[in-house]
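Subject: Structure handover

Hello,

Here is the structure I promised to pass on. Please open it and keep it beside this email. My notes follow below.

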Amino acid sequence: MVVAFGATLMLSACSNHQTPPPGVGGIPAADQAAEQHGTRIGMLLPLSGRNMRLGQQMANAAHLALPEGHGAELDLRDSDAAEGAAGAARAAIGNGDKIVLGPLTAAQTGEVAPLAQAANIPELAFTSDSTQARPGVWTMGLTPEQQVQRLVEAARGQGKKKFAGFLPDNQFGHVMAQALIKACAASALDSPNVIFHSHDAADIAQSLKTLSDFDARQSQVASATPAEPDAVNPTSDQPAANPPANGDSANAGAQSAANPPQPASAPFPAPPFDALLLADTGLDLANVINGLKANKIDSNQVRILGPALWNAFALKLGALHGAWFAAPDPAARRSYVQHYRARYGYAPSVIADVAYDTAAMAGALSRQENGFASSSLTRADGFAGVDGVFALRPDGNVSRGLAVFEVLPGGGTKIALPAPRRLSQTPS
């Protein structure tokens, strides 16, 4: 059974307290403090510096999920203070916190993870960089691996078997490529053909020509010899179509010679793949779209797949109609957004969602015996969050139930496949 949390959204003011060291100034030691105040949940956020506004949004979301009087106590720490994320983590661990939520970035996660592991405290980091995932440290952001895995499974479910990738030669492109290779292997599909391209428009066009085997496909069209129609060479027992009127056979023959019947042109052969993963945005994506057209990579033959980043400018993607990307269903977070807006006067960034979900999850588990044990955190059926169902895996990766969106001919999207309500319906 999926564990749902956050159904009751009690509103509370956000507070950022700094607790003196244990045993100093009349403050009880960590274990005594935890006993008096309930389970302490550490949260490392950028509460100063250039990401301060985002950090405050995430703190607000955490307090919505885990209001005062809940029984567990949020221990907010500034990951961007002078001591850095590692200093904030040491303070949280020294304060007796039983779990660490955050920090925000991959680099900070790399600093905090060894400290949490040494203290045998689970860490739910907010980064989407899955290279930071390891046993006991989970990457809670929406990752490329989650998106590609969902897309491959969805395309395979519709009969697609030959996958390829045309990806930018940068860090994001290489992560998407590795995700595609992994997802195809997990689905017992052939290893995909992947080509990386530069920012140069000519390189994009030429690389797509190579990937799609355009010259060989064009040769097939050129060498095709359509059969002569019966109207031109009728057999002895089959009269010509449309016999001449009034017996004027000479005039009809002249017309036939002047305007011979034109055979229907053969369809251009499909490329050697039926699903193609892209990852570009901006001008590079415009050049890729031009290359798709020039090399006759037709959406009727090939399912174009892309990143969730496309959702931000989907109204401009009409030229990629029929393309898919995977992302959380925004309808799932509607109630949470309404409560957030009612309390704070504005809608939260989607990045704040992970702070809400992790705080709600930690609060729910804090009420259970051995709630933060690995067996509790990695329950197979997962948890129901504001962005849909998710599950923590023993290796530190996170599975998410994502919807599949389809780009419409005029731009914009529709949901082609809804997000599953149980992770048993998606790959692990």
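Start with helix α5, residues 144-157. Helix α5 lies across six strands: β7 (163-168), β9 (275-277), β10 (303-306), β11 (324-327), β15 and β16. Against β11, helix α5 runs at about 130°. Keep in mind that this is a predicted model.

Now the sheet. Those strands belong to an open sheet of seven strands. The order is β8-β7-β9-β10-β11-β15-β16, and the pairing is mixed. In general, strands of a sheet pair through backbone hydrogen bonds, either parallel or antiparallel. Which strands form the edges here? They are β8 (193-197) and β16 (413-417), and each pairs on one side only. Neighbouring strands in this sheet are turned by 30° against each other on average, ignoring direction.

Look next at the β16 edge. Strand β15 (residues 403-407) pairs with β16 in the antiparallel sense, over four bridges. Find Glu406: its bridge partner in β16 is Lys414.

Last, a helix pair. Helix α2 (residues 52-65) packs with helix α12 (residues 352-366) at an angle of about 30°. Their axes are 8 Å apart. The crossing of α2 past α12 is right-handed. Which residues make the contact? From α2 come Gln57, Met58, Ala61, Ala62, Leu64 and Ala65. From α12 come Ala352, Val354, Ala355, Tyr356, Ala359 and Ala360. By class, this contact has eleven nonpolar residues, one polar and no charged ones.

Best wishes

Notes
Residues numbered from 1 in each chain as written. Predicted model: local features only at pLDDT ≥ 70, side-chain atom pairs only at ≥ 80, totals over all residues. Heavy atoms only, no water. Axes fitted to C-alpha atoms, helices over the stretch in contact; angles between N-to-C directions. Helix = DSSP H or I, 4+ residues; strand = E, 2+ residues; numbered from the N terminus. Left-handed = near helix turned anticlockwise from the far one by under 90°. Contact = heavy atoms within 4.5 Å. Nonpolar A, V, L, I, M, F, W, Y, C, P; charged D, E, K, R; others polar. Pairing = 2+ DSSP bridges.
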